[in-house]
Amino acid sequence: MADSNLGLTPPAKLPIDITNTKQHQLWEDWLATLDTYFIARNINDTKRTKAILLYIGGDELWKIYKTLNDTTNTYEDAVISLNKHFTQKRNVTYERHIFRNTVQLQDESLLAYITRLRELTKIMVINYWNL
């Protein structure tokens, strides 16, 4: 459904799959897209942004949120609670192993390979500072 003012379409609902080991990354990417949508639409009201977060996130996100016992009405507090839920304890040794064994795929362009390395580097830096 396109927005009547700017022709902006809200982000798709958050794909939640408990078997996906990269769910935290999907959450972070989806949240960044939602934040960009709020900026583009100039939506600043904290109650409204929280409601949009839970509505667009879909039924599964709503179910998860209800289990977190967050009784505040602010978007920021809801995001903090959901971040705690989606952020898992990371195995730094395993992620370092993945990073060190990353090679360029046969049909992968150099630019795509560098982008993939940068994404892995970002994870490594986050893990280093969160030990």
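**Figure 1. Threonine 49 and the residues it touches.** Leaving aside residues up to four places away in sequence, threonine 49 is in contact with Phe38, Ile43 and Tyr75. This threonine belongs to helix H2 of a predicted model. With a relative accessibility of 5%, threonine 49 counts as buried, because the cut-off for that class is under 20%. Helix H2 covers residues 46–57 and is where confidence is highest in the protein, at a mean pLDDT of 91.

**Figure 2. The ring pair of tyrosine 37 and phenylalanine 38.** Here we come back to Phe38, one of the contacts of threonine 49. The ring centres of tyrosine 37 and phenylalanine 38 are 6.3 Å apart and their planes meet at 50°, so this pair is classed as tilted. For anyone wondering about the class, angles under 30 degrees would be stacked and those over 60 edge-to-face. Tyrosine 37 and phenylalanine 38 are both buried. The pair can be summed up in this way because two aromatic rings are described by the distance of their centres and the angle of their planes.

**Figure 3. An aromatic cluster of Trp27, Trp30 and Phe86.** In this view, ring pairs join Trp27, Trp30 and Phe86 into a cluster. Searching the whole structure gives five aromatic pairs.

**Figure 4. Asparagine 42 in the loop between helices H1 and H2.** Asparagine 42 sits in the loop that follows helix H1 (23–41) and leads to H2. If you like to check backbone angles, have a look at its phi: the value for asparagine 42 is near 60°, which is positive in a residue other than glycine. Asparagine 42 has 57% relative accessibility and therefore counts as exposed, whereas threonine 49 in the helix after this loop is buried.

**Figure 5. The salt bridge of lysine 63 and glutamate 60.** Side chains of opposite charge can pair when their charged atoms come close. The closest N and O atoms of lysine 63 and glutamate 60 are 3.6 Å apart, and the two residues form a salt bridge. Both partners lie in helix H3 (residues 59–66), and because they are three residues apart there, about one helical turn separates them. Lysine 63 is partly exposed at 48% relative accessibility. Glutamate 60 is partly exposed too, with a relative accessible area of 39%.

**Figure 6. The salt bridge of arginine 116 and glutamate 108.** The structure holds two salt bridges, and this view shows the one in which the side chains of arginine 116 and glutamate 108 meet at 2.7 Å, N to O. Arginine 116 has a relative accessible area of 26% and is partly exposed. Its partner, glutamate 108, counts as buried at 15%. Please keep the confidence in mind here: helix H6 (residues 110–129) has the lowest mean in the protein, at 78.

**Figure 7. The whole protein, as a setting for the close-ups.** The protein has six helices and zero strands, giving the pattern α-α-α-α-α-α along the sequence. Of its 131 residues, 31% are buried. The accessible surface comes to about 9400 Å², with 57% of that belonging to carbon and sulfur atoms. Among contacts between residues at least 6 apart in sequence, 51% join residues at least 24 apart. Mean pLDDT for the protein is 82, and 82% of its residues reach 70 or more.

Conventions. Residues numbered from 1 in each chain as written. Predicted model: local features only at pLDDT ≥ 70, side-chain atom pairs only at ≥ 80, totals over all residues. Heavy atoms only, no water. Phe/Tyr/Trp six-rings, centres within 6.5 Å; stacked < 30°, edge-to-face > 60°. Buried < 20%, exposed > 50% of the residue type's maximum accessible area, 1.4 Å probe, protein only. Salt bridge = Lys/Arg side-chain N within 4 Å of Asp/Glu carboxyl O. Helix = DSSP H or I, 4+ residues; strand = E, 2+ residues; numbered from the N terminus. pLDDT = per-residue confidence, 0-100. Contact = heavy atoms within 4.5 Å. Areas by Shrake-Rupley, 256 points an atom, 1.4 Å probe, with all protein chains shown as cover.
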